[in-house]
Amino acid sequence: MALQLKILFTTTGLTKTMRFTQTMSVSETLRDIKDKTNEGGRDHGLFQPPDEKIGRFGRWLRPDKTLLFYDIKAGETIEVKKKHRPLKVKLLDETVKTVMIDESEPVSEIVEMIGKKMGLRNPEEFALQYNEEDQPPKEGDTLKKKKKKDRPSVLKKLPSAEAKGWLNPTQTLVEQGLLDDSVVTLKKKFYVDDDRVDRSDPVQLHLVYVQCHESVVKGDHPVTRDEAIAFGALQCQIVYGNFDPTKHNKSFYKEKKLEDLISKTHRSKGLYDPLVQEWKKLVNMSEVNAKYRYVQLCRSLKTYGITYYRGKWKPKGKKRLEELMLGVTKENIICMHPETRQIEEEHPLIHLKRWAAGPNSFTLDFGDYRDEYIIIGTPDAEAISQQLAGYIDILLKKRKDGGVVIEDDEGERATEEHVGTVHGLAIQSVTTSDYGGTWGDQGSSAIMGGGGQFPGLSPGMAGMLGSIGNLVDADNAIMSMMNDLLIPLPIGQHGGKTPEQLRQELCNLNNALAAAAGALIRDAGNGLPRSELNKHAGGLATNLANLISAAKLAAAANGGDISLLDGAKAVSDALKELMNAAGELADNPSALSKARLLEAAASLQATSAALNATAQGKYADEDSKNLLLASAAAVAAATKDLMNTSANATASADPGTRNAQAEGARRVEFGSGKVNATAEAIAPVAVDPTCQKYMVDAARALTDSCGGLVSGIQAGVRDPQQRNDLARAAKAATEALQQLVNSTLCVGSRTQANREAMAAAAFEIQDAVARLMSSEGNPNLIITASRSVASAQGQLIQAAKSVANESDPEEKNRLFKGVADLTAAVKNMLATASPAANDPSDKQAHKTMRDAATLVADATKHILGDITTREAAMAALRTASKAVAATTSTLVADCKGVGSQLDYETYSSLVDSANQAASPTAGLVAAVKDSWTSPTNPEYDNRLMHAAAALARPATGLVAVSRSCVTKLKDPQSKLQLNTAATQVTDALKKMLEALSAVKESGGHMEVDEALEAFAATAADLDYALLSAQEGNFAAMPGQSREGALAILKRAADQLRDASDDLVDKAKVSPQAMGAPAKATTSAVGQVFGAAKAVASTTDERVARVKILSSAKDVASAIERLINAGRA
């Protein structure tokens, strides 16, 4: 159905009336506007302005939703405006920062972006507040901006917690009535990782300190008089520095009103003297240390980290309502008397089964841990719900990011620690941009392990499914099911089936859904009318209900595995899109609508395969996932360039060629969308062969489409330059697609990645130990090598624990023993390194350190098992190469996306540099794939080393050209994106080149190690001979004359001198060239040992024998020092 809208372009102020169809998505509408008016771009979106008549705030329209979804009426005005704008963010120390934000994103994303720009480690623990003078009206009130003098009266009507002004994290700023000139305040709202806030993170330390100071001074934390004075003294040290009796006297105290620095509950006369006494104790304490001490002291208070809400409730055994203070922390929910502050009930957060937020009440259900619900009368119900949900989201995110937490104490056996899942139920009216409207007041219920025949779904789901008569009804049911999917079941409440059985059941139901969807795809593709397609609606919705129920049960049985719920959500989204596409094809048959059906079908196919792989635990490692997604982005950029180039080349061609270009470009666009959707779906589980097949098939189909586009128009393109441009674009697209295929085929599992990480860290330790062995007299080398060992030790232990958790019992025990030995060895080595570095001339201290370093090397080898030094170095190179390929591909794609902001000459130079880097990047990925599939093949290792070296120069050149273009870009977001991508390439290149150098050195190190091992055996034999000579038990060698023994010794000494000279020459060139000379030198030392024993056997005097053998041992020690010095 046609829809006529007024389009207002905010940058120019012009309004144009344009016609669209209601089924067009927002992104398609934007593209249509851009094509017809040349207005808009990547940074623009569609914005529905506020409507004062109905009291609706403005809202950004999501690109993936249709115009029909938002119920936009004919004749409405829709704005095309930039999504990015500056936002003023105030901190508690009254400083104001201006940050460029994407206004179309929800507040949670804006907070995360602000946190990253400020360098916060845990931005998820912060939130935004509106200032009291910027108090927005509620939706439904008048939307005219209130005068400042009127705003306090609005605040008086607000509930106590809501008056704090926390912005809803799930909505955008405009959806909450904030205007462009509004100022928001960034504050800490959640207290989860406060124990990690220290002096190494001065930004977050300062923010936490300011908030602590505000809370202490206002009296939010009850403190004793001594504690109040201690806080005041620390504040004086922070603000005024060391106490100066000539300056900081009583007049200064009164003038600066220092009593205001003390908690208001303890302000009184006579505080000057005790405050000064405490202040004097802090002499020479730096500002950072004082802030850290202030935060530490505040964290020690019992009330720290508790968010309070006031209300009324009926305690157990009471009949009347009583006043209540409800406290929420990261671990507990506390019911406290507001006057006495006595705790009446306290429940761990993991015992919370569900909650419900009503307009003026809040209900808590602790299941079997409490006989009845806790019902609280409070106007702060929504605030409490958001606080609980925020803590749960952070805890679940940390578990998802970190998985099972392994704790270890000095090598002791690790134990597992799980974070329990909790969830909630909001019974209220909710309006968000996700659904484009208001759901009823009845809310959505969360049934724990019950709910009719669909455990985990709403009680009325069975009735809703039974009443489905068409695809629209099924669409509504799916939206309701997806709402239920957001609420996980408690861990362990999954019935009597085992986790393995539930995972298998989930796979079976997933396959059944895919088969049912296949029938819909077939009928829609055959042109059946909507009335026939409606017959599939009930069965598909029921299949999805079974799948979601199974996913929630399986997640509860597997420790709250969120990835299973994410997979079920992806399948739900894909099925929803498929049904919409099928209906659209039935209503408006066309090549475009059929292409959309096929694209939706491919998306469902990929998401279904991904869910099966997730259920089977086939997770890809992070580096492989990033490389695959970056390669897919490179394909999107290359195919878009090919389509644009082909359009330019055929602009003046004959009609037949132009038609061929249009049809070929349509096929390429469809194939590119399919590749992108498939990559997004399967990337987290791309180690699964089925998922890999879908990705490879999609890439090869797109390759054919690109070839068809070029071959279909080549004859009609006459201009030589345009033919060259077309060939270049086609070559770039082909290389990008081949890179995507190779990146798919070299995806490793998390277990494999952990093994490679373990090998890479082990190689770093071995390399550092080699430097320590030759560091005598060089304290700087001792310090740097020791730090390298300590740093790599943590990485090795973490990787080894991860591998151990997925290994058989025998290997698990071996790895845990190795970790324990390594922990002890490194601790001992670091203790011995300090004396050796403090006194470089102390040879005994250096020997002690070398012996300790040898134990570190032995423990490292024990952890590695059969992995050689060379294999460890190659593992590190493969990992680093994946990172370089991923970051370079991202930079190439970003470079090709800024053409509209640069002049032709600048953009051409940038694209040329990008193309020069793209080809060797594809070659590097191909080499990584070959080395990954055949890790013991020396030929493939050499190819990888060559490919890594070949990419370094063009990648560095691309970084330089990119940075020179950054200043010429107009869009701040594009500037940031391009500059960030260039920095990531630089960092990844540095690590790859270090890994490449390490591989080259590893060959020499191995041969030197072998030579030293042989040398050690010979030295042990000499030690035995020397001991025998000292005790008078040295046995003479029969048939040996003194003259003959001396001649042998001379020849051996000459050979040793020649070998050692060669060793010195090779060491000057490179440590990796020392292998063969080191072996020759140690062999010559063995000859000298044998000759020395022969000479000693021809000597009758004990003292002379001892001197001869001792001299031979001195030679041995000198040669060992020479070898170790050379390898450094």
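Guide: Contact here means heavy atoms within 4.5 Å. The model is a predicted one.

Visitor: Fine. With R85, leaving aside neighbours within four places in sequence, which residues are in contact?

Guide: Outside those four places, R85 touches V99, M100, I101, E103, L173, L179 and D180.

Visitor: Where is R85 found?

Guide: In strand β6.

Visitor: R85, buried or exposed?

Guide: Buried. Its relative accessibility is 9%, and the cut-off for buried is under 20%.

Visitor: What does the side chain of R85 join in a polar contact?

Guide: The side chain of E103, at 2.7 Å. In addition, a polar atom of the R85 side chain lies 3.3 Å from the backbone oxygen of D180.

Visitor: Next, the sheet. In what order do the strands come?

Guide: The order is β7-β6-β9-β8. That makes an open sheet of four strands with mixed pairing. β7 (96-102) and β8 (126-130) are the edge strands, each pairing on one side only. From one strand to the next, the twist averages 40 degrees.

Visitor: How many bridges do β8 and β9 pair over?

Guide: Five, in the antiparallel sense, with β9 spanning residues 183-188. Within β9, V184 is the residue opposite Y130.

Visitor: Which strands does helix α2 touch?

Guide: Helix α2 (residues 107-118) packs on the sheet and touches β6 (84-90), β7, β8 and β9. Its direction makes about 125 degrees with that of β7.

Visitor: And which strands does helix α4 lie across?

Guide: β8 and β9. Helix α4 covers residues 202-218 and runs at about 90 degrees to β9.

Visitor: New topic, rings. How many aromatic pairs?

Guide: The count is eight aromatic pairs. One of them is F190 with Y391: the centres are 5.2 Å apart and the planes sit at 80 degrees, so this pair is edge-to-face.

Visitor: Where do F190 and Y391 sit in the chain?

Guide: F190 is in the loop between β9 and α4, and Y391 is in helix α9 (residues 381-402). They are 201 residues apart, so to speak a link between distant parts of the chain. Both F190 and Y391 are buried.

Visitor: Why is the F231 and Y294 pair called tilted?

Guide: Because the planes of F231 and Y294 are at 55 degrees, with the ring centres 4.8 Å apart. Over 60 degrees would count as edge-to-face, under 30 as stacked. F231 belongs to helix α5 (residues 225-240) and Y294 to helix α8 (residues 287-299), 63 residues apart. F231 has a relative accessible area of 0%, so it is buried. Y294 is also at 0% and counts as buried.

Visitor: Which residues form an aromatic cluster?

Guide: Y240, F243, F252 and W279 form one.

Visitor: What sits over the ring of F47?

Guide: The charged end of K81, 4.4 Å from the ring centre. Another case is K882, which lies over the face of W932 at 4.5 Å from the ring centre.

Visitor: Backbone now. What is phi for N38?

Guide: Positive, about 60 degrees, and N38 is not a glycine. Most residues other than glycine have a negative phi. N38 is in the loop between α1 (26-37) and β3 (44-48). Its relative accessible area is 60%, so N38 is exposed.

Visitor: And what is phi for E94?

Guide: Near 75 degrees, a positive value in a residue other than glycine. E94 is in the loop between β6 and β7. At a relative accessible area of 55%, E94 is exposed.

Key: Residues numbered from 1 in each chain as written. Predicted model: local features only at pLDDT ≥ 70, side-chain atom pairs only at ≥ 80, totals over all residues. Heavy atoms only, no water. Pairing = 2+ DSSP bridges. Helix = DSSP H or I, 4+ residues; strand = E, 2+ residues; numbered from the N terminus. Axes fitted to C-alpha atoms, helices over the stretch in contact; angles between N-to-C directions. Phe/Tyr/Trp six-rings, centres within 6.5 Å; stacked < 30°, edge-to-face > 60°. Buried < 20%, exposed > 50% of the residue type's maximum accessible area, 1.4 Å probe, protein only. Lys NZ or Arg CZ within 6 Å of the ring centre and 35° of its normal. Polar contact = N/O pair within 3.5 Å; in protein donor to acceptor, adjacent residues only side chain to side chain.
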